[in-house]
Amino acid sequence: MNISKKIGGWLQRFTVWRENNIKEKHMVLALSFLVGIFTSLAAWILKFLIHTIQTLLTENFVISEANYLYLLYPVVGIFLTGLFVRHIVRDDIGHGVTKILYAISRRQSRIKPHNTWTSVVGSSITIGFGGSVGAEAPIVLTGSAIGSQLGRLFKMEHHNLMVLVGCGAAGAVAGIFKAPIAGVVFTLEVLMIDLTMTALMPLLISSVTAATVSYLLSGTEAMFRFNMDQPFLLERIPYVIFLGIFCGLVSLYFTRTMNALEGVFAKLHRPSLKLALGGAILSLLIFLFPPLYGEGYETIELLLNGTGTSDWNTVMNNSFFYGNGNMLLVYLSMILLVKVFASTATNGGGGCGGIFAPSLYLGCIAGFIFSHFCNTQAMPIFLPEKNFALLGMAGMMSGVMHAPLMGVFLIAELTGGYDLFLPLLIVSVSAYLTIMYFEPHSIYSMRLAKKGELLTHHKDRSILTLLKVENVVETDFSTVHPEWDLGELVKVISKSRRNIFPVVDDENHLQGIVLLDDIRNIMFRQELYHRFTVGRLMTSSPARLYDTDTMEQVMRVFDDTKAWNLPVVDMDGHYLGFVSKSKIFNSYRQVLVQYSDE
């Protein structure tokens, strides 16, 4: 207790000293440096744990036959993760990037303290035991939580706290992938933090710092080895465009299938049922298709560096397909179709992981299938499989995350394939345009978009998203009852500063409204005070607003009705107050000042 009190006192004194001596923008830069260090260390720990667990479990497997332990390990992994989440964490740690988007959209940028470590533990168990998901989304949530906690610890303002959350995400991507540019682009494209110099400099510092620490811990070589044996030829551009379209369609399949499967698991309320269904699907798929085990980076390495069928056929090791080289395209195509089932079953059954790695994995396989199929069908032009496997990774990343620049820079930094920058751009844009035709939101943001809680680069919409109905409701309107007479109504009017009077029953249900302008001509005629009742004088409101409405819905109702004031009720019709355009405009201006105070 004495130690905690001393630390608390020291922090309080430092905060006071900092507020008097260090400008807020300079403190953000210092904290972004610390965020970069801590997120990179967290990423290194996560990768170390995953690799250690996988090595211990699978190093003695025989490559020439099926291994029945594939039926056991994944179930054990998601079972242990489920126990950890339910009994130790006691909170949901899934959908990491969606949680960050939600924290930003609520203009709070507050992520729970346990997220600084729980996702590392949960995802290392899940993936180490074979869960068919990625470690990147959990480490992004971890990094953002680190940024949020540092910002709250040093009492940073809300808009700077949001920047530090972005710094954590950027540092996590840069640290785990050794990709500093991709870290910044991810925060700008996926988390949709506005590109201003005040925000950009901290993001750059965190990304570069995290990448540097990662270089120091694991060397400076790219994450995936790639040697471009065949230079890019301009006559291959049409095939690159077709590959982008193909990746966009695969992204659409992946996104919609995952959403549908998540809906199935959401209907199962008992953890045992989720474990039974998720474990059965996952273990069976991994048993049939061992490349689905874990993140799948070994398969990516194989397809990027294989030089012929003798190398590529090794992807069928440890399975019933071993030695059947003529089944390679069929085998990879089946993996392309069932990967989404394995990934969703992992998380739905109780595991913890993200879709970064599945996106890269599927993109690499899609690019290889596309080029190998073209080459085996006697096309007039040779398409180098390894180049197209790399391009497919960019296309799939762009399609799933709706982040074309992220796809380009991440793949270039992951592989060192900068010589393929032009085709990377082409395939990313083609995939992005293809999926945008069908899905306006990424797999991360669509859940929030449906609820109207998504912050975007559209500043007007972003500010409306930041505004909430409960914050603009005015409650100083005097209520009246329908059975009251005109005399009682006049007494209320004499004490009120408002021109609108909501009419409610004994249970506070809104019945209508009385407008001062409608009764002005009779309110001073005392002989009428007992002749008219409020119920006879009231009128219907042009519309009702609900406390669950988004501000964008509220503004749409105002535009449709041309009203200046509208009543707010809950879903049961209980009166809560009024919302006025003037109140919204004032709040809008205040948020706009904070939003643009850079």
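These legends describe close-up views of a predicted model.

**Figure 1. The whole chain: 26 helices and five strands.**
The chain has 598 residues, and 56% of them count as buried. Take the contacts in the chain with a separation of 6 or more. Residues 24 or more positions apart account for 75% of these. The structure holds zero disulfides. A disulfide is a covalent bond between the sulfur atoms of two cysteines.

**Figure 2. Thr 142 in helix H6.**
Helix H6 covers residues 136-153, and Thr 142 is part of it. Thr 142 has a relative accessibility of 0%, so it counts as buried. Which residues does Thr 142 contact, leaving aside its neighbours within four places in sequence? They are Ala 42, Asn 115, Thr 116, Ser 119 and Val 120. His 114 offers a distance to check in this view. His 114 and Thr 142 are 28 residues apart along the chain. Their C-alpha atoms are separated by 8.9 Å.

**Figure 3. Ser 123 in helix H5.**
Helix H5 runs over residues 118-128 and contains Ser 123. The relative accessible area of Ser 123 is 0%, which makes Ser 123 buried. Residues up to four places away in sequence are not counted among its contacts. With those set aside, Ser 123 touches Leu 46, Ile 50, Gly 128, Pro 138 and Cys 352. Cys 352 is itself buried, at 2% relative accessibility.

**Figure 4. Two buried cysteines, Cys 352 and Cys 364.**
Are these residues buried or exposed? Cys 352 has a relative accessibility of 2% and counts as buried. Cys 364 has 1% and counts as buried too. The cut-off for buried is under 20% relative accessible area. Neither cysteine is in a disulfide, as the structure holds zero of them. Cys 352 is also one of the residues that Ser 123 touches.

**Figure 5. Helix H11 packs against helix H14.**
H11 spans residues 271-288, and H14 spans residues 328-348. Their axes lie 8 Å apart, and the packing angle is about 155°. H11 is therefore roughly antiparallel to H14. Their crossing is left-handed. On the H11 side, the contact is made by Lys 274, Gly 278, Ile 281, Leu 282, Leu 285 and Leu 288. On the H14 side are Tyr 331, Val 338, Phe 341, Ala 342, Ala 345, Thr 346 and Gly 348. By class, the contact of H11 with H14 has nine nonpolar, three polar and one charged residue.

**Figure 6. Helix H16 crosses helix H18.**
H16 covers residues 385-401, and H18 covers residues 421-438. The two axes come within 8 Å of each other. They cross at roughly 35°. The crossing is right-handed. Which residues of H16 meet H18? They are Leu 390, Leu 391, Ala 394, Gly 395, Ser 398 and Gly 399. From H18 come Pro 423, Leu 424, Val 427, Ser 428, Ala 431, Tyr 432 and Ile 435. The contact of H16 with H18 divides into nine nonpolar, four polar and no charged residues.

**Figure 7. Tyr 432 and its surroundings in helix H18.**
Tyr 432 lies in H18, and it is among the residues of H18 that meet H16. Its relative accessible area is 23%, so Tyr 432 is partly exposed. Not counting residues up to four places away in sequence, Tyr 432 touches Ser 398, His 402, Ala 403 and Pro 404. Cys 247 is 185 residues from Tyr 432 in sequence. In space, the two are 8.9 Å apart, C-alpha to C-alpha.

**Figure 8. His 402, a residue with a positive phi.**
His 402 sits in the loop between H16 and helix H17, which covers 404-415. Its phi is positive, about 55°, although His 402 is not a glycine. Most residues other than glycine have a negative phi. At 11% relative accessibility, His 402 counts as buried. Tyr 432 touches His 402.

**Figure 9. Lys 562, another loop residue with a positive phi.**
Where is Lys 562 found? Lys 562 is in the loop between helix H25 (551-561) and strand S4 (565-569). Lys 562 has a phi of about 60°, and it is not a glycine. Its relative accessible area is 68%, so Lys 562 is exposed. His 402, by contrast, counts as buried.

Technical notes
Residues numbered from 1 in each chain as written. Predicted model: local features only at pLDDT ≥ 70, side-chain atom pairs only at ≥ 80, totals over all residues. Heavy atoms only, no water. Helix = DSSP H or I, 4+ residues; strand = E, 2+ residues; numbered from the N terminus. Buried < 20%, exposed > 50% of the residue type's maximum accessible area, 1.4 Å probe, protein only. Contact = heavy atoms within 4.5 Å. Disulfide = S-S within 2.5 Å. Axes fitted to C-alpha atoms, helices over the stretch in contact; angles between N-to-C directions. Parallel < 35°, antiparallel > 145°, perpendicular 65-115°, else oblique. Left-handed = near helix turned anticlockwise from the far one by under 90°. Nonpolar A, V, L, I, M, F, W, Y, C, P; charged D, E, K, R; others polar.
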